[in-house]
Amino acid sequence: MSDTPDDLRYASTHEWARLDDGGVVVGISDYAQDALGDVVYVELPEVGQEVQAGEEIAVVESVKAASDIYAPVGGVVEAINEALDDGPEIVNQDPYGDGWFFQITPDDETQLEELLDAEAYAEQCAAEQH
Amino acid sequence: MPEELRKTALHDACIAAGAKMATFAGWSLPLHFGSQIAEHRAVRAAAGLFDVSHMAIFDLDGPGALPLLRRVLTGDVARLANEGQALYTLMLNQSAGIIDDLLAYRQGHGYRLVANAANRQAVGGWLKDRAGPDTTLTERNLAMLALQGPQALELFEDAYGAGTDRLKPFHAMTLGDWMLARTGYTGEAGLEIMLPNADAPGLWSRLVAAGAAPAGLGARDTLRLEAGLKLHGQDMDADTTPLQAGLRWTLHWQPEERDFIGREALAKQAAEGAPTQLFGLVLEGRGVLRGGQRVLTDQGEGVVTSGIFSPTLGYSIAFARLPSNASGPAEVLIRGKRQGASLVRPPFVRRGQPAFKTI
């Protein structure tokens, strides 16, 4: 079973989001990294880029396939995880920690509430596996 | 109703080793055992162990076997002077399209062919339709393991002491009812072992205990592409000829009176020139080349037939079918963006080092 921490929110497209000091940190779930296999390249958005909730703003390339990453909330990209440039495997090793993708300063923090909680997301993953 | 997936004799052993299974040619096979890249590196650096029991194995015996194989294969099995000697060769249709690529072994009695699992019916049917009453054609239900890597032979010898370290590449020996062949699909030294299903789990666990890393189909694909080895169904198929797949070297034109199927069409295409060729591609920027992507050159368009991120090189490489006269810089359309790529001559990697030449 993959790990879905309770303190995070999840998009149905397998991104996680964590409110952290006014910013929303985003990565991909343990379920997603496991399904993708070894990550070999992450194309990140630009710092300062304005994004809409649900917009494709990054791409993760694994040994298996390329997948779009969607902004779970709208706002401005405040930071990107440059460590992924040289170490894309961090996404597999630590998807909820050092393997984060980018941080967004949200237009509206309440957008997070529209995302799935851990229980609902885990149910979705279980359904996808069958 | 979907057809029941076929399971190899090593299915349970693979699951116990943590395999993530995938469906390939109607078989349930290990895709990886945790990290495809770690498995790839284990094969380049030490030794990896693959379950390739899905491969189709045909034995041909009787006085008709040799003339039949000389007719249906591009390589001349009459050149296999010694028992155990092997040949990488092709089976063509009348238009010189590639039905399959296979290995042909001379055995003590008759010959053995190892074909791709996806082409089991095509190859079996082609042989059966042409075999006379003086040929016995038997499809064998055997397990097959590939032990590959610079330490593969030493590891096998430490465990079994069979003398495989004295075998030359493309030669096989027998050990009881096992066949041990110095062949493979990774570009490394190693063995392919064909054996009764009942013996396979014991061999698997003994080699893993000796240090061979279980490896899946994912690593098998990246290893073969780095080594410049083509995959039937992607880099070649029944609509492409050996001249279009970089496999001219497998054609035995001599003796001239050997009339193998496809010879006439090949000779015609060789005289006229093939319209397309298989090229190597190296991506200049970040990203991953994958089958189906469009390739643009000054001489016209083509398509990526198979592409990977190369764990050894740290960037993406591919085979692409392009106009035969293609040269110079190319561009690949990756997710709608044009990215620069170089045309190269494979293999991409040899003995763990870059080995390609820019065209």
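**Exercise 1.** Which order do the strands of the open sheet of 3 strands in chain A have, and is the pairing parallel or antiparallel?

*Solution.* The model examined here is predicted.
Step 1. The strands of this open sheet in chain A come in the order E4-E6-E7, and their pairing is antiparallel.
Step 2. Strand E4 (39-43) and strand E7 (66-70) of chain A each have a single partner strand, so they stand at the edges and one side of each is left without a neighbour in the sheet.
Step 3. From one strand to the next, the twist averages 25°.
Step 4. Strand E6 of chain A, residues 56-62, is joined to E7(A) by 5 bridges in the antiparallel sense. A:Glu61 has A:Ala66, in E7(A), as its bridge partner.

**Exercise 2.** Place this sheet in the setting of chain A: how many helices and strands does the chain have, and does its radius of gyration agree or disagree with that of a compact globule?

*Solution.*
Step 1. Chain A contains 4 helices and 9 strands. Along the sequence they follow the pattern β-β-β-α-β-β-β-β-β-α-α-β-α.
Step 2. For 130 residues, a compact globule would have a radius of gyration near 14 Å; the value for chain A is 13 Å, and therefore the two agree.
Step 3. Taken along the principal axes, the box filled by the C-alpha atoms of chain A is roughly 35 × 35 × 20 Å.
Step 4. Among the 130 residues of chain A, 42% count as buried. Of the contacts in chain A with a separation of 6 or more, 65% are between residues 24 or more positions apart.

**Exercise 3.** Determine whether B:Thr164 is buried or exposed, and which residues it touches.

*Solution.*
Step 1. B:Thr164 belongs to the loop between helix H5 (152-160) and strand E11 (172-175) of chain B.
Step 2. A residue is buried if 20 or more other C-beta atoms lie within 10 Å of its own. B:Thr164 has 23 other C-beta atoms within 10 Å, and therefore counts as buried.
Step 3. Not counting residues up to four places away in sequence, B:Thr164 touches B:Leu153, B:Phe156, B:Glu157, B:Met173, B:Leu180, B:Arg182 and B:Leu191.
Step 4. B:Ala181 is 17 residues from B:Thr164 along the chain, and their C-alpha atoms are separated by 8.2 Å.

**Exercise 4.** State how many residues each chain gives to the contact between chain A and chain B, and describe the side of chain B by class.

*Solution.*
Step 1. Chain B supplies 10 residues and chain A supplies 8 residues.
Step 2. On the side of chain B that touches chain A, 3 residues are nonpolar, 5 are polar and 2 are charged.

Methods: Residues numbered from 1 in each chain as written. Chains lettered and ligands numbered in written order. Predicted model: local features only at pLDDT ≥ 70, side-chain atom pairs only at ≥ 80, totals over all residues. Helix = DSSP H or I, 4+ residues; strand = E, 2+ residues; numbered from the N terminus. Rg over C-alpha atoms; globule rule 2.2 N^0.38 Å. Buried ≥ 20, exposed ≤ 12 C-beta atoms within 10 Å, placed from the backbone. Contact = placed C-beta atoms within 7 Å. Pairing = 2+ DSSP bridges. Axes fitted to C-alpha atoms, helices over the stretch in contact; angles between N-to-C directions. Nonpolar A, V, L, I, M, F, W, Y, C, P; charged D, E, K, R; others polar.
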